[in-house]
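This report describes selected side-chain interactions in the structure shown below. Charged pairs are treated before a single polar residue.

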Amino acid sequence: MSWLEEFWSDMLSEEPLRIIAAWLTLDAESQISVRAHLQEMATEDGWAASQRESAQTALSVLDAPSDSEVPNG
């Protein structure tokens, strides 16, 4: 499996740890491009329902507050 195939497999895995690990391999410019592509996958026609759901899960994981932003309580 190529790096790119493995990256997208992780991003669309619906597993938060795999999504975050893949995301952190990207530089800032690539993160912008990948987020835009995930948004397209989640909202535009032409993608299978499972692909749209996986893209939405990845976006939700990326948009979730990190542990450092959660107050200690």
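## The pair between two helices

In this predicted model, the side chains of aspartate 63 and arginine 35 form a salt bridge, with an N to O distance of 2.7 Å. Aspartate 63 belongs to helix α4, whereas arginine 35 belongs to helix α3 (residues 28–43), so the pair ties together parts that are 28 residues apart in sequence.

The two partners fall into separate accessibility classes: aspartate 63 is exposed at 53% relative accessibility, and arginine 35 is partly exposed at 29%.

## The network around arginine 18

The structure holds three salt bridges. Asp10, Glu15 and Arg18 are joined into one network by salt bridges that share partners. Within this network, arginine 18 meets aspartate 10 at 2.8 Å, N to O, and glutamate 15 with the closest N and O atoms 3.5 Å apart.

Aspartate 10 has a relative accessibility of 17% and therefore counts as buried, the limit for that class being under 20%. Arginine 18 is partly exposed, with a relative accessible area of 28%, and glutamate 15 is also partly exposed, at 40%.

## Serine 54

Serine 54 is located in helix α4 (residues 49–63) and is buried, its relative accessible area being 8%. The side chain of serine 54 reaches the backbone oxygen of leucine 12 at 3.3 Å.

Leaving aside residues up to four places away in sequence, serine 54 touches Met11, Leu12 and Glu14. Leucine 12 thus appears both among these contacts and as the partner of the serine 54 side chain through its backbone oxygen.

Note on methods: Residues numbered from 1 in each chain as written. Predicted model: local features only at pLDDT ≥ 70, side-chain atom pairs only at ≥ 80, totals over all residues. Heavy atoms only, no water. Helix = DSSP H or I, 4+ residues; strand = E, 2+ residues; numbered from the N terminus. Buried < 20%, exposed > 50% of the residue type's maximum accessible area, 1.4 Å probe, protein only. Polar contact = N/O pair within 3.5 Å; in protein donor to acceptor, adjacent residues only side chain to side chain. Contact = heavy atoms within 4.5 Å. Salt bridge = Lys/Arg side-chain N within 4 Å of Asp/Glu carboxyl O.
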